[in-house]
Amino acid sequence: MCVGGCAKCLGGTLIPLTMFGILANILLFFPGGKVIDSTSHLSEEVWFFGGILGSGLMMIFPALVFLGLKNNDCCGCCGNESCGKRFAMFTSTIFAVIGFVGAGYSFTVSAISIDKGPKCLMTNNTWGYPFHNGNYLSNKGLWTECEFPENVVTWNLTLFSILLVIGGVQMILCAVQVVNGLLGTLCGGCCGGDGPV
């Protein structure tokens, strides 16, 4: 497969991951699947928009660039069509790095939130973070520390885990495109010659 075909495949994979990341982040605004009274009762990490910004908006542009590489009909530079295709592949490498940074942001925010646990109404009738250093992950009995919203621990853990996985997969795909883009820059469209991108 030529580098343009590989890039199109990566772009097609990133689009649904981007949509799932945005959806997961939006659902985090409704802890336990419920509308809450005050936005101050949401976990801090929800407001960092890891899924909306990192795995979402910062990933849309790279995905669209990757999708467009297969049909790239660059006019070239100095009369050399291959030069334009190589420049397009180099540009895709820059977008892949931007996507990698966005996915890394989402991954980091999710990992921190999973370790910290959700903000909830605790047994002492105050809102806060009852868990410390991920201790609730191995001891499900601690989950009773959160009284409201109901099932907030499961809700946050599931959605932030989804964002963690999405961010990890997106980072891998963007890293693959960096290598693919560099090969396309150095070798042209196909590394067996200057075939189509």
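This short talk goes through the fold, the salt bridges and the cavity of the chain shown above.

Let me say at the outset that what we have here is a predicted model, and that the values I quote are computed from it.

I will begin with the chain as a whole, which has 197 residues, 46% of them counted as buried. The chain contains five helices and three strands, and if you follow it along the sequence, these elements come in the pattern α-α-α-β-β-α-β-α. As for contacts, if we take those with a sequence separation of 6 or more, 71% of them are between residues 24 or more positions apart. The accessible surface amounts to about 9600 Å², and carbon and sulfur atoms contribute 69% of that area.

Now to the charged side chains. How many salt bridges does the count come to? The count comes to two, and Glu 44, Glu 45 and Lys 116 are linked through them in a network.

Let me take the pairs in turn, starting with Lys 116 and Glu 44, whose closest N and O atoms are 3.1 Å apart. Lys 116 belongs to helix 3, which covers residues 81–116, while Glu 44 sits in the loop between helix 1 (3–27) and helix 2 (50–69), so this salt bridge ties together parts of the chain that are 72 residues apart in sequence.

In the other pair, the side chain of Lys 116 meets that of Glu 45, with an N to O distance of 3.3 Å. Glu 45 also lies in the loop between helix 1 and helix 2, and Lys 116 in helix 3, so here the parts tied together are 71 residues apart in sequence.

Which of these residues are buried, and which are partly exposed? Glu 45 is buried, at a relative accessible area of 3%, whereas Glu 44 is partly exposed, at 44%. Lys 116, the residue that pairs with each of them, is partly exposed as well, with a relative accessible area of 24%; since the cut-off for buried is under 20%, the value of 24% for Lys 116 falls outside that class.

Finally, a word on internal space. There is one cavity of 30 Å³ or more, and the space in the largest cavity is about 40 Å³. What lines it? The lining is made up of Leu 28, Pro 31, His 41, Leu 42, Ser 43, Val 46, Lys 119, Val 152 and Asn 156, which divide into five nonpolar residues, three polar and one charged.

Methods. Residues are numbered from 1 along each chain as its sequence is written. This is a predicted model: local features need pLDDT of at least 70, side-chain atom pairs count only at pLDDT 80 or more; totals for chains, interfaces and linings use all residues. Side-chain values use heavy atoms; hydrogens and water are left out. A salt bridge is a side-chain nitrogen of Lys or Arg within 4 Å of a carboxyl oxygen of Asp or Glu. Helices (H or I, at least four residues) and strands (E, at least two) are DSSP runs, numbered from the N terminus. Buried means under 20% relative accessible area, exposed over 50%, partly exposed in between (1.4 Å probe, protein chains only). Contact means heavy atoms within 4.5 Å. Accessible areas come from the Shrake-Rupley method with a 1.4 Å probe; for residues, only the protein chains shown count as cover. On a 1 Å grid over the protein atoms alone, a cavity is a set of points where a 1.4 Å probe fits but cannot get out, and a pocket is an open set with protein on both sides within 12 Å along at least five of seven lines; lining residues have an atom within 4 Å of a point. Grid points are joined across faces, edges and corners, and a volume is the space filled by probe spheres set on the points. Ala, Val, Leu, Ile, Met, Phe, Trp, Tyr, Cys and Pro count as nonpolar, Asp, Glu, Lys and Arg as charged, and the others, Gly among them, as polar.
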